[in-house]
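I opened the model today to look up a few local features and wrote down what I found. The entries follow in the order in which I looked.

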Amino acid sequence: MRYPFATAVKKLHKFTQHAPQDLHQDLPLFDAAFYRLTNPELEMLKDLDLFKHYNQKGWKTGCDPSALFSVYAYLNRNPDVAEAKMNPRDHYLKYGQKERRSAYLSRWRGRSVNSVSHSDFELCKDWLDIAALRTKYPQFKMQSDDTLIAWYIMDGCYHDTGPTAQFSALFYQKTYPDIARNGTSPLVHYVCFGQSEGRAATVSEYEGMAEKAKQVTSDLVTRNIDIVRSEFDADWYRESYPDVTGDDEDLLLDYMLTGWKEGRDPSPTFSTSYYLDKYKDIARHKINPFVHYIQYGRKEGRRSSDQGAIRLGYAADVRMDPDIPYTGVHKMSGSQPDPPSTVTPNCMDIHWVIPDFRAGSGGHMTVFRMVRYLEQCGHNNTIWIERPVHHETGREAWETIIKYFQCVEAEVRYIDETFQNAHGDVIIATAWNTAWAIKDLTGFAAKMYFVQDHEPEFYPTGAKAILARQTYDFDLGCICASPWLEDLMSKRYGRWARGFYLAYEPEQYFITDDQDKASDRPFKIAVYGRMHTDRRCVQLALAGLEILAQDRDDFEVHFFGQDTMPFKEAPFTAYNHGVLGSDELAALYNDCDLGICFSGTNYSLVPQEMMACGLPLVEFNTESTQAIFPAEAITLAGPMPVDIAEKINVLMDSPDMRECQRDAALAWVANFSWHRTAAKVEKTIIQYLEHKGAHLAAPAVTKTKDILFDVVVPTWNGKSEFEPVLGALRSQNMADQIQIHCVDSSSTDGTIDWLKGQRDVSLTVIDQKDFQHGRTRNFGASLGKAQLIGFITQDAMPATQNWATDIIKMMGAVPEAAGLFGRHIAYPNHSSFVKEEITNHFENMLKHPLVLSKHTDPERWENGDLGWRQLLHFYSDNNSAMRRDVWKDIPYPEVDYGEDQVWARDIIEAGFSKIYAPTATVYHSHDFDGPGTYKRAKTEGAFFYEFFGYTLGKGTVAEITDRIEREQRNMETRARQHNISDTEIALRKESIAEKYRGWRDGWMTADNG
């Protein structure tokens, strides 16, 4: 990853009187003052002459153009540039940055041997007090801040006690001589590695760590004694080493503290010296060998001595191969549940058994989509995880589903001893190993198999392939994720089978309005690069692209689907985007000209999502793809790499062909939706129940739908803002169960008359002087009777038709939660800065549990951890919901600002949980100018000081100024990278300064009463 480099492009500084300024243009990574300083024989040359000297001679002799660029390091790490005899600075600026090559700091004549990258430079800057450094090193008076910092990192810190009270460079070098030996700058090492390695930065910190280490060592010995006690032979030890006296515990303690270090043995069957000689990793890390053997070594098959065979441990319930599912008859104790006598078809109890999962799994995404839509049809769902390896609890797994897959209310459980008693209407296996798990269950009217691929082909001939094939002989009705699989299951294996087509989310995947592409840019190819999944045949796509690159270089490849590729170089321009979210995928598809997604077995979700974004597609030429896609909607290629290269080449040179294929694909993909797919799955389940002879009751009588959700919206002169918001509320999938309550503060712009004409809106008008954020919302809450009360503002527009549905699901899944707040996204017309700020804020929420309370981390709560408490009380009622019964006891505080965060604090202190709902999204953002930013920040500063004691923007004038300048520099760097105008940059700089000024004025005003 290439970090933003805030000083890559700077204006040249004024120089000494001997070198008048005559260079009037910006020159990235050339600093005349630095060049003059490091080449004193040239100090009388003018700036432009210095630049010419570098270009003509300097770089060839190893002269660096800037403190921020090392000629030697760049050429040494990029031998192709050295071989081409190119000016390294020019290459980096023209090509290297785009190719994500790294640049490094000048080595000066400093002591740091290892190169320091720009990213490490950025990380170290926050540790330095520039003003103090300038005072201490006046010889750098005419140099830029970045030159001074670079010198300090590469040389100055070696003979300085600083740079701050929190880090002593001299102490660090003296205490950790390995740092000096490997030639790494002590400051760089500490910031990049030392902190995470637990190294001390100062003498006082080291002394504290040493004291703590003593206690840790004592505790460790105590724990280790408990581990080995049962296998330590005290009598043998006493007889073997008569110099050791005492009772059995004394002998054990002797071995644990000193005996093993002296090569003594704890029993006749374990040789300390043999174990340490045989296993160098144990000796190297100075681990007690007896402890290691008992805890790990025996399980790893390590020998305890050089005598005889290795004895395996005994455990009656051990699994010999955990990767193979249990394949025998389940040892079920007691009576087993009977299947239900009747099944109500429009309210079924459906159970799903799945392998554990992580973000990025398309197969799991399809399962969770089915769960979501079946829930919306009125069915109850339970998810069972077979052999959990990525999650520790069902709640944790549920949160992963919400964060990265779908919003579902289903309870998530682990398969354990209670699984044999599971019962319901239908249980559905979703992979071959889960089919083994359900085959002997008795408590269901039907057992089914959600077949998404021909899984025996996932493996070479062997146990897993054979066991996967065996599952197709089980008495399970097959729900097949393609007509090809339906045909395979019914004709080859004789199974009852019905198929469905995969679909896509039109709210996520569509053609954007900004798809016009520059005519002179490279041809962009998006490649599904999931190489760790063999059936995706990525290697064949790579082989075809290699052949293509032999004939043309006017294309670039954008891999996605796997965070790390097994190669670092390519014979064509290439980028790896890793695992992407749906928004990022849609953006990539819209930006590219051609998509490649191969599958050697059943097709995946990716092709239709690409098609929906208008991306022409190349797929693998197999029986399955021929059975799925219309010939005119796709280009089939392979398996020969030459054919793949040729097909891509033809499409690259044929815009008309790509356009025809795109139009056909758009027409075909428009036939599918997850609603229709889920309805087909629901119908298939009912058909199989009938096939199995289940007694289907008459469908439950549909009751008149009650109001489940009161939505309170304070309004004032907001007709133009609220009109699209009201439209979004009316378009909700559960709109008929929502009651909208508008509390208007005597608008004068026609809002009241307009609202009176909206029959589905309950309107109450209050005097403007009576409005208050907390009190008015409490009044709005009192107007309804639904058990859930939602709050939005007149400018917060639900972004999807499932906004209300997802709130209901989340609150239903977490009964102990008092309230919920959802994600915000910026309005499209607002600036990139606003979008970035809001996106980063809510993405940070995903790093924490979605459900939080003071019980989530009791220690941090009891310790009053400031950052933890700030996270706990964050809440936004621009997009929120609370339980009515909680509101009755803990209403909003009647305050003029921040009622939502004070309420969140109150419910957390009362022991309730709060939820962050990432899928319950609204468009809501403000693009303030400087005065608007100051006003908002001043209000925030006063509020957080008064109610929480936080002093936003606190510090000396110099410290605040430094923060402002640093934030402005970082902002400007990002802005330049995205071609933001000078006018916009100036506005953002003003807003940054006004934010800090407003914060400071706010809390100081509150402090003064």
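**Entry 1: Thr-382 and its strand**

I began with Thr-382, which lies in strand β4. The model is a predicted one, and I read every entry here with that in mind. Is Thr-382 buried or exposed? Its relative accessibility is 8%, under the 20% limit, so Thr-382 counts as buried. I then listed what Thr-382 touches, setting aside neighbours within four places in sequence: Ile-350, His-351, Trp-352, Ala-410, Glu-411 and Arg-413.

Next I looked at how β4 pairs. Strand β4 covers residues 380-386 and is joined to β5 by 4 bridges, with the two strands running parallel. I noted one bridge by residue: Ile-383 is partnered with Val-412 in β5. Strand β5 itself covers residues 411-414 and has two faces. Val-412 and Tyr-414 make up the covered face, while Glu-411 and Arg-413 make up the uncovered one.

**Entry 2: Positive phi values**

I checked backbone angles next. Most residues other than glycine have a negative phi, and most peptide bonds are trans. I noted two residues that have a positive phi without being glycine.

Arg-387 has a phi near 50°. I found Arg-387 in the loop between β4 and α19, the latter being residues 394-404. Its relative accessible area is 29%, so I put Arg-387 down as partly exposed.

Asn-717 has a phi of about 45°. I placed Asn-717 in the loop between β16 (709-715) and α30 (719-730). With a relative accessible area of 27%, Asn-717 is also partly exposed.

**Entry 3: A cis peptide bond**

Which two residues does the cis peptide bond join? They are Gly-638 and Pro-639, and omega is about 5°. Pro-639 sits in the loop between β15 (635-637) and α27 (641-652). I recorded Pro-639 as partly exposed because its relative accessibility is 49%.

What does Pro-639 touch, not counting residues up to four places away in sequence? I found Leu-540, Phe-620 and Ile-644. I also took a distance to Cys-537, which is 102 residues from Pro-639 along the chain. The C-alpha atoms of the two are separated by 9.4 Å.

**Entry 4: The sheet that includes β15**

From the loop after β15 I went back to the sheet. It is an open sheet of 6 strands with parallel pairing, and I read the order as β12-β11-β10-β13-β14-β15. Which strands stand at the edges? They are β12 (573-576) and β15; each has a single partner strand, so one side of each has no neighbour in the sheet. From one strand to the next, the twist averages 25°.

Within this sheet I looked at one pair by residue. Strand β10 (residues 523-528) and strand β13 (residues 594-596) run parallel and are joined by 3 bridges. Ile-525 stands opposite Leu-594 of β13.

**Entry 5: Helix α18 and two partners**

Two packed helices are described by the angle between their axes and the distance between the axes. I took both values for two contacts of α18.

The first partner was α29. The axes of α18 (residues 362-376) and α29 (residues 674-691) come within 9 Å and cross at roughly 80°. That angle makes α18 roughly perpendicular to α29. On α18 the contact uses Thr-366, Arg-369, Met-370, Tyr-373, Leu-374 and Gln-376, and on α29 it uses Trp-674, His-675, Thr-677, Ala-678, Val-681 and Glu-682. I sorted these residues into 6 nonpolar, 4 polar and 2 charged.

The second partner was α33, residues 803-813. Here the axes come within 12 Å and cross at roughly 95°, so α18 and α33 are roughly perpendicular to each other. The contact is made by Arg-372, Glu-375 and Gln-376 of α18 with Thr-805, Asp-806 and Lys-809 of α33. I counted no nonpolar residues in the contact of α18 with α33, with 2 polar and 4 charged.

**Entry 6: Nonpolar cores**

Last, I looked at the cores. The largest nonpolar core has 169 residues, and the members touching the most others are Phe-560, Ile-685, Phe-709 and Trp-803. Apart from it lies another core, of 53 residues, including Phe-51, Val-71, Ala-150 and Ala-201.

Key. Residues numbered from 1 in each chain as written. Predicted model: local features only at pLDDT ≥ 70, side-chain atom pairs only at ≥ 80, totals over all residues. Heavy atoms only, no water. Core = buried A, V, L, I, M, F, W, Y, C linked by side-chain atoms within 4.5 Å. Buried < 20%, exposed > 50% of the residue type's maximum accessible area, 1.4 Å probe, protein only. Axes fitted to C-alpha atoms, helices over the stretch in contact; angles between N-to-C directions. Parallel < 35°, antiparallel > 145°, perpendicular 65-115°, else oblique. Contact = heavy atoms within 4.5 Å. Nonpolar A, V, L, I, M, F, W, Y, C, P; charged D, E, K, R; others polar. Pairing = 2+ DSSP bridges.
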